[in-house]
Amino acid sequence: MKQIKNHTLLSALCDNLDNTIAVTNPADQTLIGHVQAHSREEVEATILRARDAQKAWAKTTAKQRAAILMRWYELLMENQEDLARIMTLEQGKPLAESRGEVAYGASFVQWFAEEGKRAYGETIPTPLADRRIMTIKQPVGVAAAITPWNFPIAMITRKAAPALAAGCSFVAKPAIQTPLSAYAVVELARQAGLPDDLLAVVTSEDAPMIGDVFCNSTHIQKISFTGSTNVGRILMKQSAESVKRVSMELGGNAPFIVFDDADIDLAVKGAITSKFRNAGQTCVCANRFYVHDAVYEEFVHKFSLAVDELTVGNGLDDDVVIGPLIDDNAKLKIKSLLDQALQQGATVSAGGDDLGGQFFEPTVLTHVSHSMDIVQAEIFGPIAPVIRFSDDEELIEMANDTIYGLASYFYSKDINRIFKIAEALDYGMVGVNEGVISTEVAPFGGVKQSGIGREGARQGIDEYLNTKYICLGSM
Ligand code: SIN
């Protein structure tokens, strides 16, 4: 922690070891510090304070809220280096990626500071001469979020910024592996002038307890979750009782397709960033590669060479591009998927080795078929199974043959094919000749069992707004 310059960012660290959660570095398992473990009563009290704070916040103008959010954005960027170091220490991703995530996370704050001013209602032509009809947009109230460890800052700001801009208060439960980044961004919001209790973090190793309190609280009107489809289903069921609005950004199984007319070097470059960003631990990572027969050998050769060049290690070291997996369970899952694939007939074309600790070599698998478990599962790690195809119709069937529908990618230079395939893919997001497509200006979200709702873009703020219809009668 010596290199963190702004020590207020670490204000969440506790000295007292009672009721705390240990935070460790996934690169070497060293202890970084402890954060508070909140009890059920403390979580409930936090929600009540958020409810009270929201009432005054909802009365401020969008312009006043924007000024605070803009200041928060500036502070996030001014502290980019410290935030990136904290993130790499607790999450493991390489520093360059952490810096990128701080900027990505901050971009949502900047974007929604502006979007809050554009939460327009409508006037609607009346069917009755003595009436006037209009709508206004109002904040839903208290919003709560459960956020994952793979993007410890961006998944909080992508939800908190639209909520705050809309006039809501916000309570977040970050993953226990990465709470320090969450507390640090909240500390900067406080320094930016955000009134107390409007943005709070609660932490506990008992995630089901927090899920239960959030979903059943009648003081919370909205739940936003990023994580697995299984947990999303549980939260949706629990939220049904109090009929809460939900946004769910769930699992993915992204196909990455290389057609026979693709620029292969471009496709290899896109495949590397799409598959190996964050050591393959993103919901939108390419999960399975379909490569046309005519370019299969060339793609596999170039892709395997590029994968062999990737340096694995501690994310704080300069040349490292792949950090550790988040924990032992993540590593066990990868190893078991790999073993299964090898037993089912796949062969290793690059990597394949367990590098000890929580490190795993980036791996390319060939002789893979669409029915193998590794193709059907969300891998969430640095393994790239490559499948041959020869027919576009059959390809689309395989690409859509999953319960998931988050991101998909394909490479082609043929404009007719580009439109046809982009429209045929059953996914919320399609990258054409591009392996990383996330940006604050575009709607992020899935179809099928990958989720409900959109984050970022102009759509993102609607998730935190109610539309109220006002009828002026007897005019
Ligand atoms: C995710 O994996 O959940 C988010 C990835 C992104 O925003 O690009």
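Me: What distance does helix α5 reach from its first C-alpha to its last?

Reply: This is a predicted model, with residues numbered from 1 along each chain as its sequence is written, and its side-chain values use heavy atoms, leaving out hydrogens and water. Local features need pLDDT of at least 70 and side-chain atom pairs count only at pLDDT 80 or more, while totals for chains, interfaces and linings use all residues. Helices (H or I, at least four residues) and strands (E, at least two) are DSSP runs, numbered from the N terminus. Helix α5 has 13 residues, and at 1.5 Å a residue 18 Å is expected (1.5 Å times one less than the number of residues); the distance reached is close to that, at 18 Å.

Me: How many of the residues of α5 are buried?

Reply: Buried means under 20% relative accessible area, exposed over 50%, and partly exposed in between, with a 1.4 Å probe and protein chains only. By that rule α5 is mostly covered. The buried count is 13 of 13.

Me: Which residue follows α5 with a positive phi?

Reply: The loop between α5 and β6 (169-173) holds this residue. Its phi is near 105 degrees. At 0% relative accessibility it counts as buried. The residue is Gly 167.

Me: Which residues does Gly 167 contact, leaving aside neighbours within four places in sequence?

Reply: Contact means heavy atoms within 4.5 Å. Ser 11 is 156 residues away along the chain, and its C-alpha is separated from that of Gly 167 by 26 Å. The contacts of Gly 167 are Gln 54, Trp 57, Ala 58, Arg 65 and Pro 139.

Me: At which residue does helix α1 bend?

Reply: Helix α1 covers residues 40-59 and reaches 30 Å, close to the 28 Å expected for its 20 residues. The bend is the angle between axes fitted to the seven residues ending at a position and the seven starting there. In α1 this angle is about 25 degrees. Among the buried residues of α1 are Val 43, Gln 54 and Trp 57, and the bend is at Ala 53.

Me: Which residues have the most contacts inside the largest nonpolar core?

Reply: A nonpolar core is a set of buried Ala, Val, Leu, Ile, Met, Phe, Trp, Tyr and Cys residues joined through side-chain atoms within 4.5 Å. The largest one has 130 residues, and helix α5 (residues 154-166) gives the largest share, nine residues. A second, separate core has 20 residues, including Val 213 and Cys 215. In the largest core, the residues asked for are Trp 72, Phe 299 and Phe 303.

Me: Which strands are the edges of the open sheet in the order β3-β4-β18?

Reply: Two strands pair if DSSP finds at least two bridges between them. The three strands here pair in the antiparallel sense, and β3 pairs with β4 (residues 132-139) over three bridges, with Ile 124 and Ile 133 as bridge partners. An edge strand pairs on one side only, and the edges are β3 (122-124) and β18 (465-472).

Me: In the open sheet of seven strands, by how many degrees are neighbouring strands turned against each other on average?

Reply: The order is β12-β13-β14-β11-β10-β15-β16, with mixed pairing. Within it, β10 (residues 254-258) and β15 (residues 407-411) are parallel over three bridges, and Ile 257 stands opposite Phe 410. Axes are lines fitted to C-alpha atoms, for helices over the stretch in contact, and angles run from 0 to 180 degrees between N-to-C directions. With direction ignored, the average turn is 25 degrees.

Me: Which helix lies across β10, β11 and β14?

Reply: This helix runs at about 170 degrees to β11 (286-292). Asn 400 is part of the helix, residues 392-400, and touches Ala 424, Leu 425, Asp 426, Tyr 427 and Lys 448, apart from neighbours within four places in sequence. A different pair of strands, β15 and β16, is crossed by α14 (residues 415-424). The helix asked for is α13.

Me: Is His 367 buried or exposed?

Reply: His 367 has a positive phi near 55 degrees without being a glycine, and it sits in the loop between β13 (363-366) and α12 (373-376). Phe 380 also has a positive phi, about 55 degrees, but with a relative accessible area of 18% it is buried. For His 367 the relative accessible area is 57%, which means that it is exposed.
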